[in-house]
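Let's take a walk through this one together, starting with the whole chain and then stopping at a few spots worth a closer look. Have the viewer open and follow along.

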Amino acid sequence: MNKKISIGITIGLMAITAAVTFMITSNVTLEMFNNKIRSVSEKQEFYSKLSEIDTYSRTHYIGDIDEAKLIEGMVKGYIGGVGDSYAEYLTAEEYAKRQTEQTGVSVWLGFNYEKEPSGYIKITDVPAGTSAEESGLLAGDIITAVNNTDVIAFEGGYDEAVSLFNCEEGTRVKLYVKRTNDDGTNDFITYNVTAQRSEQVTVTGRLIDALGYIKISGFTDKTESQLKAKLDELISAGAMGLVFDLRNNSGGSLNSLEKCLDHIIGAGTVVTAEYKNGNTEAVVVCTESEEIKMPMSVIVNQNTMGTAELFAFALADKCSAHTVGKSTAGRGYLQTAYTCSDGSVVMLSTAILRTDNSGDFSGTGLKPEFDAALSSEIDLNQISDEAALLTDAQLIKALEVTVPKEAKE
C-alpha cells in the first residue's frame, strides 16, 4: 500500500513539475513572442512611414532627387534620432581622414582654423616648423579669399573654401589675409602656402620658475613620444612640480592616453568600461612600476573632453594632482566604430567609462577642486607667454597651488 502511494505521489509530482515547466516555458516563449511582435510591428510602422514620404516626394517634388544624398541624409537622420549624443555617421572618406589624423602625421597647410562670425576663416594656431609659419601666417589672421575666390562667394561658402585645404602634398594654396595690428589698423597680405607632410605637435611646454608647464592639445599616436621628451627636458632643467594644461583638448584614442599616463603614474588599472550586457573590462592599464613623485596640477575647462578628462581624473586619483578651472564636458562614453558594407562607418557609444576613484562622469564631467574663470577677453590660442602669467587666472591659480616640496619646507 505504501509503495502504491509512493508511486502515486511520484507520478503526481512529475505531472506537477511538467505542468510548472510548461507554464514557465510558455510564459517565457510568450514574452519573447510578444516582444518580437512589437519589434516587427514597430519596424513595419517605421518602413511604412518612410515609404509614404518617399512616394509623396517622388510624386510631387518639382526637383530631381539625388539618390546618394537621400540615402546619406536618411542615415544621418536615423543616427540623430537614436538618442546617442555622440553617435556619428561617417563616409568611408571621412573615416579614413579621421584615422589619418589619429596617426599624428598628415598633409596639411600648417595651421588650425575656425569659422569667424562673418563667415570668413580665422587662423587659431600656427605651430612652429610648419609651412604656414615659414610663410609668415599668424594666429588671429582672417582668411578672406582662397585661390582668388572670396570665401563667402563660394557656392558652399565656408565649407567649400576650407575643403581646398585638404590637398595633396606639394600643392600650393593662395590665401588672402586680413591682419589687424595693435593700433587697430588692418593689413591685407597675400600668402602662398604649400601643403606638407608633417607631425602634428600636440605637446608644448616651458619652465616657469621651478615648475614645468605642459600643454597637451590632443591625444594622437605621436603624443606619447612628444610628452616623454617634454617631461625629460623639464625635469632635467630642474622642474620640481608639473602643471598640465588640458583646456580645449577634445581627446583622442584610449591607446594614446594609456601610453602617456604610463610615463607619469604607477602601475595599475586607471579606467574601466561597463557595457550594455553588464560586462566590465579594464581599458586603460599602466604598467610602469615607478611614478613621477612631485606636486602636480591640471587645468581644465568646458572644452576638455573624453580622454582629456580621463587624463585629468587619472592624475587627480593616482597622483593627488590639484584640478583648476571649470567643469569638463562629461563625455564619459566609449565609442566603437562599426563598418557598413559600403565602407561608411557608424560610431556608437557602447560603454560607460569609469575612473578608479571618481566613477561615472558622463554628463557631469570633472568639477575642479579650484574654480577659476577666464576673462572673456582672453584668447588661449593667441595670448603670449608673458601676458598669460599676468592675465590667465586659471594658469596663475594652478601655479599657485602646485607648490614644490622644498618651498613648503
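Among contacts in the protein chain between residues at least 6 apart in sequence, those that join residues at least 24 apart account for 64%. Keep in mind as you browse that this is a predicted model. The chain carries eleven helices and 20 strands, and 35% of its 409 residues are buried.

A good place to settle in is helix α7, which spans residues 254-261. Which of its residues are buried? They are Leu-254, Ser-256, Leu-257, Cys-260 and Leu-261. Those five cover an arc of only 155 degrees around the axis, which puts them on the same side of α7. The general background is simple: an α-helix has 3.6 residues a turn, so residues three or four places apart point the same way. And what do the buried residues of α7 pack against? The list mixes helices and strands: α3 (92-103), α6 (223-236) and α8 (307-319) on the helix side, plus β13 (268-275), β14 (280-286) and β17 (333-339).

Take α6 as one of those partners. Its axis comes within 9 Å of the axis of α7, and the two cross at roughly 20 degrees. An angle under 35 degrees counts as roughly parallel, so that is how α6 runs relative to α7. The crossing is right-handed. On the α6 side, the contact is made by Thr-223, Glu-224 and Leu-227, while α7 brings Ser-256, Lys-259 and Cys-260. Sorted by class, this contact has two nonpolar, two polar and two charged residues.

Now swing round to α8. Here the axes are 10 Å apart, and α7 and α8 pack at an angle of about 25 degrees. These two helices are therefore roughly parallel to each other as well, and α7 passes α8 in a right-handed crossing. The residues involved in α7 are Leu-254, Leu-257, Cys-260 and Leu-261, and they meet Thr-307, Leu-310, Phe-311, Ala-314 and Leu-315 in α8. How many residues of each class does the contact of α7 with α8 have? There are eight nonpolar residues, one polar and no charged ones. Cys-260 of α7 turns up in the contact with α6 and again in the one with α8.

Two more of the elements that α7 packs against are β13 and α3, and each has a residue to stop at. In strand β13, look for Thr-269. With 33% relative accessibility, Thr-269 counts as partly exposed. Setting aside its neighbours within four places in sequence, Thr-269 is in contact with Ala-282, Val-284, Val-285, Lys-318 and Asp-356. If you want a distance to check, the C-alpha atoms of Thr-269 and Glu-281 are separated by 10.0 Å, and these residues sit twelve apart along the chain.

Over in helix α3 you'll find Glu-101. Is Glu-101 buried, partly exposed or exposed? Its relative accessible area is 42%, so Glu-101 is partly exposed. Beyond its neighbours within four places in sequence, Glu-101 is in contact with Gln-200 and Thr-220. Glu-101 and Thr-220 are 119 residues apart along the chain, yet their C-alpha atoms are separated by 7.6 Å.

Next, jump along to Asp-392, which lies in the loop between α9 (385-391) and α10 (393-401). Despite the loop address, Asp-392 counts as buried, because its relative accessibility is 2%. Leaving out neighbours within four places in sequence, Asp-392 is in contact with Arg-247, Leu-374, Ile-378, Leu-380 and Ala-387.

The last stop is a pair of backbone oddities. As general background, most residues other than glycine have a negative phi. Asn-147 has a positive phi of about 50 degrees although it is not a glycine. You'll find Asn-147 in the loop between β5 (142-146) and β6 (149-150), and Asn-148 lies in the loop between β5 and β6 too. For Asn-148, phi is near 70 degrees, again a positive value in a residue other than glycine. What about accessibility? Asn-147, at 35% relative accessibility, counts as partly exposed, whereas Asn-148 is exposed, with a relative accessible area of 56%.

How values were computed. Residues numbered from 1 in each chain as written. Predicted model: local features only at pLDDT ≥ 70, side-chain atom pairs only at ≥ 80, totals over all residues. Heavy atoms only, no water. Buried < 20%, exposed > 50% of the residue type's maximum accessible area, 1.4 Å probe, protein only. Helix = DSSP H or I, 4+ residues; strand = E, 2+ residues; numbered from the N terminus. Arc of directions from axis to C-beta. Contact = heavy atoms within 4.5 Å. Axes fitted to C-alpha atoms, helices over the stretch in contact; angles between N-to-C directions. Parallel < 35°, antiparallel > 145°, perpendicular 65-115°, else oblique. Left-handed = near helix turned anticlockwise from the far one by under 90°. Nonpolar A, V, L, I, M, F, W, Y, C, P; charged D, E, K, R; others polar.
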